[in-house]
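Student: I am new to this structure and would like a close look at a single part of it, with its surroundings explained step by step. Could you take one strand and follow it through the model?

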Amino acid sequence: MNEIENKREYEMSFLLTPEILEDKLDFETAELKKLISENGGEAIQISSLEKKRLAYSVRKQNQAYFGIVYFNINK
């Protein structure tokens, strides 16, 4: 089997703290892409981050930036 056949596509939702300044959000998504590539994957698409009100508090936060990343990586 070649490397392309071994890769699977995944979808991952993530939350970022609302305390991050909006001009730093691109840096955070770039760090996520870097983390995926350092582990043998490839980020295909990262959705635009949206600030959302959470249904319940997470670490005492009622809001967060919500995003989805699609990536492939070896099985």
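Tutor: Before we start, one term is needed: two residues are in contact when they have heavy atoms within 4.5 Å of each other. Please also keep in mind that this is a predicted model. The part I have chosen is strand β4, which covers residues 61-74.

Let us begin with N72, which is found in strand β4. Leaving aside the neighbours within four places in sequence, N72 is in contact with K7, R8 and E9, and also with G41, E42 and I44. N72 counts as buried because its relative accessibility is 15%, and buried means under 20%.

Beside N72 in the sequence stands F71, and with neighbours within four places again left aside, F71 is in contact with R8, E9, Y10, M12, I36, E42, A43 and I44. F71 also belongs to the largest nonpolar core, a set of 11 residues in all, which further includes F14, L16, I20, L25, L32, I36, L49, Y65, V69 and I73. The elements that give two or more residues to this core are β1, α2 (25-38) and β4, and it is β4 that supplies the largest share, with 4 residues. As a general point, the side chains of a regular strand alternate between the two faces of the sheet.

The pairing of the strands comes next. Strand β1, residues 7-16, pairs with β4 in the antiparallel sense, over 10 bridges, and one place to look for this is L16, whose bridge partner in β4 is Y65. Strand β2 also pairs with β4 in the antiparallel sense, here over 4 bridges, and within β4 the bridge partner of I46 is V69. Strand β3 pairs with β4 in the antiparallel sense as well, over 5 bridges, and K51 has Y65 as its bridge partner in β4. Y65 is thus a bridge partner of L16 and of K51, and Y65 is listed among the residues of the core too.

How are β3 and β4 connected along the chain? They form a hairpin with 2 residues between them, and R59 in the turn has a positive phi of about 50°.

Another place to look is the loop between β2 (42-46) and β3 (50-58), where S47 is found. S47 and G67 are 20 residues apart in sequence, yet their C-alpha atoms are 5.7 Å apart in space. Once neighbours within four places in sequence are left aside, S47 is in contact with G67 and I68. S47 counts as partly exposed because its relative accessibility is 26%.

Strand β3 deserves a few words of its own, since it is one of the partners of β4. Y56 lies in strand β3, and Y56 is exposed because its relative accessible area is 62%. Together with L15 and V58, Y56 forms a nonpolar patch on the surface, and the three have about 310 Å² of accessible area together.

Finally, a search of the whole structure finds 1 salt bridge, in which the side chains of E50 and K52 meet at 3.7 Å, N to O. E50 counts as partly exposed at 44% relative accessibility, and K52 is partly exposed too, with a relative accessible area of 37%.

Terms used
Residues numbered from 1 in each chain as written. Predicted model: local features only at pLDDT ≥ 70, side-chain atom pairs only at ≥ 80, totals over all residues. Heavy atoms only, no water. Buried < 20%, exposed > 50% of the residue type's maximum accessible area, 1.4 Å probe, protein only. Pairing = 2+ DSSP bridges. Core = buried A, V, L, I, M, F, W, Y, C linked by side-chain atoms within 4.5 Å. Patch = residues over 30% accessible without salt bridge, like charges linked within 9 Å, V, L, I, M, F, W, Y side chains within 5 Å. Areas by Shrake-Rupley, 256 points an atom, 1.4 Å probe, with all protein chains shown as cover. Salt bridge = Lys/Arg side-chain N within 4 Å of Asp/Glu carboxyl O.
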